[in-house]
Amino acid sequence: MMTMLFSFALLFSIVFTTSHAFEVQVDSNGESDQESLAMTVSLTNGYEHDIKFYYVNSKDNSEIYMDTLVPGDEYTMNSFTGHSFAVKKSDDTPLSTVSF
């Protein structure tokens, strides 16, 4: 298993940090037949106001509310490659969208 750390700064005020774990299954011939990428994602609110964040459904782009963070709060969750998240002000003004 290999672990890599990445940090993303959005608008210099939101920080997403991810920790990736690659798992590759190898068959009896030594060939890989499956690969998955799981990660832990942390979101820190560096704004001076509350933010809300949402999981963005890749099938229909609907947004599923996750949490509201006050300034300085952090939220950590498990996720997978391809997942997207939207970040908005408390009045629903869009701030950013990030995909992993």
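Serine 84 is in contact with Tyr54, Tyr55, Val56, Val98 and Ser99 once its neighbours within four places in sequence are left aside, a contact being heavy atoms within 4.5 Å. The side chain of serine 84 also makes a polar contact with the side chain of serine 99, at 2.5 Å. A polar contact here is a pair of N or O atoms within 3.5 Å; within protein, one must be able to donate a hydrogen and the other to accept it, and residues adjacent in sequence count only if both atoms are side-chain atoms. Serine 84 belongs to strand E7, residues 84-89. Its relative accessible area is 14%, so serine 84 is buried. Buried means under 20% relative accessible area, exposed over 50%, and partly exposed in between, with a 1.4 Å probe and protein chains only.

All of this comes from a predicted model, in which local features need pLDDT of at least 70 and side-chain atom pairs count only at pLDDT 80 or more, while totals for chains, interfaces and linings use all residues. Residues are numbered from 1 along each chain as its sequence is written, and side-chain values use heavy atoms, with hydrogens and water left out.

Stepping back to the whole protein, there are eight strands and zero helices, so the elements read β-β-β-β-β-β-β-β from the N terminus on. These elements are DSSP runs numbered from the N terminus, with at least four residues for helices (H or I) and at least two for strands (E). Of the 100 residues in the protein, 33% are buried. Among contacts with a separation of 6 or more, 44% come from residues 24 or more positions apart. The accessible surface comes to about 6200 Å², and carbon and sulfur atoms hold 50% of that; these areas come from the Shrake-Rupley method with a 1.4 Å probe, and for residues only the protein chains shown count as cover.

Strand E4 is a good place to look next. Six of the six residues of E4 are buried, so this strand is largely enclosed by the rest of the structure. Ile51, Phe53 and Tyr55 point one way from E4, and Lys52, Tyr54 and Val56 point the other way. In a regular strand the side chains alternate between the two faces of the sheet.

E4 has strand partners too. E4 and E5 pair in the antiparallel sense over six bridges, where pairing means that DSSP finds at least two bridges between two strands. These two strands form a hairpin with six residues between them, and asparagine 61 in the turn has a positive phi of about 60°. Across this pairing, tyrosine 54 stands opposite tyrosine 65, and phenylalanine 53 has aspartate 67 as its bridge partner. E4 and E7 also pair in the antiparallel sense over six bridges, with lysine 52 standing opposite lysine 88 in E7.

Isoleucine 64 sits in E5, which covers residues 63-69. Leaving aside neighbours within four places in sequence, isoleucine 64 is in contact with Phe53, Tyr54 and Tyr55. Its C-alpha atom is 5.1 Å from that of tyrosine 54, ten residues apart along the chain. Isoleucine 64 counts as partly exposed because its relative accessibility is 43%.

Now for the rings. The count of aromatic pairs comes to three, taking rings of Phe, Tyr and Trp (its six-membered ring) with centres within 6.5 Å, and calling planes under 30 degrees apart stacked, over 60 edge-to-face and the rest tilted. One of them joins tyrosine 54 and tyrosine 65 edge-to-face, 5.8 Å centre to centre with 70° between the planes. Tyrosine 54 lies in E4 (residues 51-56) and tyrosine 65 in E5, so the pair ties together parts that are eleven residues apart in sequence. Tyrosine 54 is buried at a relative accessible area of 10%, whereas tyrosine 65 is partly exposed at 44%. Tyrosine 55 and phenylalanine 85 make another pair, with centres 5.9 Å apart and planes at 70°, so this one is edge-to-face as well. That pair links distant parts of the chain, 30 residues apart, with tyrosine 55 in E4 and phenylalanine 85 in E7. Phenylalanine 85 is buried, at 2% relative accessible area.

Tyrosine 54 has a charged visitor as well: the charged end of lysine 88 sits over the tyrosine 54 ring, 5.0 Å from its centre. The rule asks for NZ of Lys or CZ of Arg within 6 Å of the ring centre and within 35 degrees of the ring normal.
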